[in-house]
Amino acid sequence: LQLLDVVVYSRLNRTLGVPDEVFVLGVSACQYVVDEWLWMPGVILNSQFCPPGLEATVFALLSGVCNIGRTISYMLGAWLLEVLQCRPVGGDQETEQFEHLWLAAVLAAAAALLS
């Protein structure tokens, strides 16, 4: 699903007749659902394999590791945007700031395939 970000950055959704707002909202909703589907089997398996009475501890450990991983991914994403010189400040005429944003989306999708 992360490759769909490239569709927005390349404006392919506009050529297909789908407005940016609708496309981004739909992709965001789908990403949330997929994330929850991917999270649930891990929680169920951990609850089955952990010693009796420690289910809450194992769940807390799993949640903590997930949160640390997500925080690290956000930091790496910010670093990648800095390396690609994508530094918009919200002003007019900032199109050149997004010139390499598609590359960041492709690298993020490729990194997700590695995990």
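Okay, let's start with a word I'll keep using: a residue is buried when under 20% of its relative accessible area is left. By that cut-off, 16% of the 115 residues in this protein count as buried. Keep in mind that what you're looking at is a predicted model.

So what is the protein made of? Helices: there are five of them, and zero strands. Going along the sequence, the pattern is simply α-α-α-α-α.

Now the overall shape. If you had a compact globule of 115 residues, you'd look for a radius of gyration near 13 Å, but this protein comes out at 18 Å. The C-alpha trace spans about 60 × 30 × 25 Å along its principal axes.

Let's look at α3, residues 20-49. Its 30 residues, at 1.5 Å a residue, should span 44 Å, and the end C-alpha atoms are indeed 44 Å apart, so the two values agree. Which residues are buried in α3? Those are Asp-20, Phe-23, Val-27 and Val-43. And the buried residues of this helix pack against α1 (4-9), α2 (12-15) and α4 (55-83).

On to α4, then. This one has 29 residues and reaches 42 Å from first C-alpha to last, close to the 42 Å expected. After α4 comes Gln-85, which has a positive phi, near 60°.

A few numbers for the whole protein before I stop. Take contacts between residues at least 6 apart in sequence: 38% of them join residues at least 24 apart. About 8800 Å² is exposed, with carbon and sulfur atoms supplying 69% of that. And the charges: 4 positive and 11 negative, with mean positions 3 Å apart.

Conventions: Residues numbered from 1 in each chain as written. Predicted model: local features only at pLDDT ≥ 70, side-chain atom pairs only at ≥ 80, totals over all residues. Heavy atoms only, no water. Helix = DSSP H or I, 4+ residues; strand = E, 2+ residues; numbered from the N terminus. Expected span 1.5 Å × (residues − 1). Buried < 20%, exposed > 50% of the residue type's maximum accessible area, 1.4 Å probe, protein only. Contact = heavy atoms within 4.5 Å. Rg over C-alpha atoms; globule rule 2.2 N^0.38 Å. Areas by Shrake-Rupley, 256 points an atom, 1.4 Å probe, with all protein chains shown as cover. Lys, Arg positive; Asp, Glu negative; His and termini not counted. Charge placed at Lys NZ, Arg CZ, Asp CG, Glu CD.
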